[in-house]
Every structure is written in structure tokens, then in C-alpha cells.
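This report concerns salt bridges and the packing of nonpolar side chains. The structure is shown first.

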Amino acid sequence: MTVFALAISSNQNREHWTRYAVQQLETLGKCQFSKTYQIPCRQGKGADYYNLAVLLQTDLSFEQLDAFLKQLEKQAGRTRPSHHIPLDMDIVAYGETLSLLQPITSRLPLPFDAVKPLSELWPDCPSADVTMPYQIINQ
């Protein structure tokens, strides 16, 4: 079993796509979800995002999970590059246990919209360089 820390965001049909992501992830193993936050687009060019994090414990490999997440993004209609993002799902860290989670170095430094929800679930989450205004959507 591996523990994965995931960052999930959406700024198009946000409630639908974040709920869809949660439902799909629950089929893969044991999940622990953060609150959902509404945070402005980092570049200020798109709609506000819903952001949440999940700790997923699963038998899938990194490659299998990454392919699954990219397939979910494709099903949601994700196109790159764009500031209109129905679903964005990224593996941020993984390890054998929560205390052994290692960040994916190519994702560092983590942006505030990933750190805020991740820090609820992962006490050793790297901090963000900047903060942004946010609103809690659900507990």
C-alpha cells in the first residue's frame, strides 16, 4: 500500500467536477478529504477555483494512479493550456505512510491553493511562498 497526497481543483462547473473526483477516488482505496476552499486564480485570468486535497491509500503504483487521474481530467474536458479548467488532479507527494510522504520535487514550491487544503491532512506539508484570500465552501 502507498499513501498519495493529491491536490484537486476546478474552476468550471466546480461543484459537479469536484464531487465527481471525490466519487472516483473513493473507488481506489481509503480516502481522507480536506475541506473545500474557494481560492482566486493564481494568474487572475480565470474564475475562482474550488480546491481540496486528499490522502489516498491504495495498491496502485504511481504510474497507474497518474494515468487514472489524467483520464479523469480528460473525461471532464480538460484542455491545455487554458484558464478554464473543469478538473485538475495532481499527485503532490507519496510514500509508505503519512510520516514518510515525500514531495514530488518537480512540483515544488507548492502554490498556496494546494498547500492550504493539504496542510489540513499532512502536518509536514511544505509551506507556500505566498498566501491568497480564500473562503471555505464546505467542512
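The side chains of D90 and K70 form a salt bridge, with N and O 3.5 Å apart; the term denotes a side-chain nitrogen of Lys or Arg within 4 Å of a carboxyl oxygen of Asp or Glu. Because D90 belongs to strand 5 and K70 to helix 2, the pair ties together parts that are 20 residues apart in sequence. Helices (H or I, at least four residues) and strands (E, at least two) are DSSP runs numbered from the N terminus.

This is a predicted model, in which local features need pLDDT of at least 70, side-chain atom pairs count only at pLDDT 80 or more, and totals for chains, interfaces and linings use all residues. Residues are numbered from 1 along each chain as its sequence is written, and side-chain values use heavy atoms, leaving out hydrogens and water.

The count of salt bridges comes to eight; three are tabulated.

| Pair | Closest N to O distance |
|---|---|
| D90 and K70 | 3.5 Å |
| R78 and D88 | 2.9 Å |
| E15 and R19 | 3.3 Å |

A network of salt bridges links K70, E73, R78, R80, D88, D90 and R107. Both R78 and D88 are buried, that is, under 20% relative accessible area (exposed is over 50%, partly exposed in between; 1.4 Å probe, protein chains only). D90 is likewise buried, at 16%, whereas K70 is partly exposed, at 30%.

M89 touches A7, I8, A21, L25, L69, K70, L72 and E73, residues up to four places away in sequence not being counted; such contact means heavy atoms within 4.5 Å.
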